[in-house]
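Me: Could you take a close look at one part of this protein with me, the second largest pocket, and explain what surrounds it?

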Amino acid sequence: MDSIQLNIKQVFGFLSDEVILNQAGHAAACNQALHDGSREGSDFLGWVNLPSSITEEDFREIEDAATVLRTRCDAVVVVGIGGSYLGARAVIDALSGSFDWLQDRDKRKNPVILYAGNNIGEDYLHELIDWLQDREFGIINISKSGTTTEPAIAFRLLKDQLENRVGKEEACQRIVAITDASKGALRSLATTEGYKTFVIPDNVGGRYSVLTPVGLLPIAVAGINIRKLVGGAVEIEKATVPSVSFDYNLPAIYAVIRNELYKQGKKIEILVNYHPKLHFLAEWWKQLYGESEGKDNLGIFPAAVDFTTDLHSMGQWIQEGERTIFETVISVKEPDRKVQIPHDERDLDGLNFLKGRRVDEVNKMAELGTRIAHVDGGVPNLQIELPELNEKYIGQLIYFFEKACGISGYLLGINPFNQPGVEAYKKNMFALLEKPGFEEATKAIKARL
Ligand code: PA5
């Protein structure tokens, strides 16, 4: 299959073949449990067969809604936090031109995609509202629970702004809500206002929802082919069904290796990229693994770096700091564009030895040199290679990481599909803000100040 590849050669100095193969049966059982729902979290396994169950009708409905927003808007604000925005942003950043959004409207093919509701920054919101002032914008408001504070605040502000600018009727055409089928404040609001809505299935958790309308609508609005993206995911879905043997099940191999490294004290996994467009893919991955595995006082800490940028900041620590880390490098074989290093008459920077060679060749040698240096420095290294950055391979990578995360969580012995820990800050915040219903908690927290 024309596919992403997993290269594990650089872990063999740290783990033997035997240690990995010993876990094959265990990993297969975990994969089976994802398919038959026989373990904890079985209510949240809707993502397992999701790619292949998306119908022509589903695609059409998303594409039609995207066309409405693309036709009416110069900018679309995706309002959401965590799993309700990271997947869309990961794919849109990976597959859009780095500077497209700076182009004038008449030269741009796609609306600018902006994000709100993923922080509570007052300056951020003010500056966003300022920027939108004279623009034709729309809103995709995403919240599975429909009650999350950050997006709710942002939406309240942006909805007001939009209605004041274009009137209630036109605003209604430019707002799409993606939420639970029946529950939550956003569902009630959407029903009352008459917004176009999409449903986030009950059995798909936020961080596994990128291939539902949560991710697919913003991605389609950005002009990216969602059919090819889902097509890539379907390929890995099919390549990882329980009947596929461990040796060919790449997510299972990745899950086993990271768990075996963890047992050896490698408590931190650093996801590395050499392609600036993949920064948010790593943010999405951090949420997927952090929220899935960090519980019961267990779990690898998922970190990420952008190389070569961060080689000039974090490189020292990775090379010689505490040896509790391993790296997973996302490598893109062939860039989209070609840039050759020019000849310079005076050669004051001494770079003429590179004349005529591609920038990507330098990047690739930095990547190879760094991998070897880090392995020499005691950092096990896995590599996931994408033949190129396109919809299909990003779709494959998404499902690869989702499947590996489910298997990995079960190998670790936790429920990878809940996130009880994220409630703690919310409870304190509401108590401090004196939200009705939190009176006792308010008294208790104020006594501690
Ligand atoms: O993965 C998750 O479940 C979370 O990160 C949620 O996506 C995030 O908290 C946003 O929740 P909601 O979509 O309910 O607003």
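Reply: What follows goes from the pocket to its lining, then to the helix that gives the largest share of that lining, and finally to the two domains. Please keep in mind throughout that this is a predicted model.

The second largest pocket has a volume of about 990 Å³. It is lined by 35 residues, and those closest to its centre are Thr 148, Glu 291, Gln 419, Val 422 and Lys 426. Four elements each give two or more residues to this lining, namely the strand β4 (137–143) and the helices α7 (149–166), α13 (279–293) and α17 (423–432). If the lining is sorted by class, it holds eleven nonpolar residues, 13 polar ones and eleven charged ones.

Among the contributing elements, α17 gives the largest share of the lining, with five residues. This helix also has buried residues, which are Met 429, Phe 430 and Ala 431, and what covers them includes α7 and α18 (439–447). In this way α7 appears twice in the picture, since it gives residues to the pocket lining and also helps to cover the buried residues of α17.

The chain on either side of α17 can be followed as well. Before it comes a loop, running between α16 (391–412) and α17, and Gly 421 lies in this loop. Gly 421 has a relative accessible area of 60%, which is over the 50% cut-off, and it is therefore exposed. The C-alpha atom of Gly 421 is separated by 35 Å from that of Arg 371, a residue 50 positions away along the chain. After the helix comes Glu 434, whose phi is positive, near 60°.

It helps, finally, to place the pocket within the whole protein, which is divided into domain 1 (5–39 + 230–417) and domain 2 (50–224). Because both domains give residues to the lining, the second largest pocket lies between them. The centres of the two domains, taken over C-alpha atoms, are separated by 29 Å, and the contact takes 26 residues from domain 1 and 25 residues from domain 2. About 2100 Å² of area is buried between domain 1 and domain 2, and carbon and sulfur atoms give 68% of it. On the side of domain 1, the residues that lose the most area to domain 2 are Val 230, Lys 277 and Phe 280, which together account for 32% of what that side buries.

Conventions
Residues numbered from 1 in each chain as written. Predicted model: local features only at pLDDT ≥ 70, side-chain atom pairs only at ≥ 80, totals over all residues. Heavy atoms only, no water. 1 Å grid on protein atoms, 1.4 Å probe; cavity = no way out; pocket = protein on both sides within 12 Å on 5 of 7 lines; lining within 4 Å. Points joined across faces, edges and corners; volume = space filled by probe spheres on them. Nonpolar A, V, L, I, M, F, W, Y, C, P; charged D, E, K, R; others polar. Domains from an automatic or database assignment. Buried < 20%, exposed > 50% of the residue type's maximum accessible area, 1.4 Å probe, protein only. Contact = heavy atoms within 4.5 Å. Buried area = accessible area lost by both parts, 1.4 Å probe.
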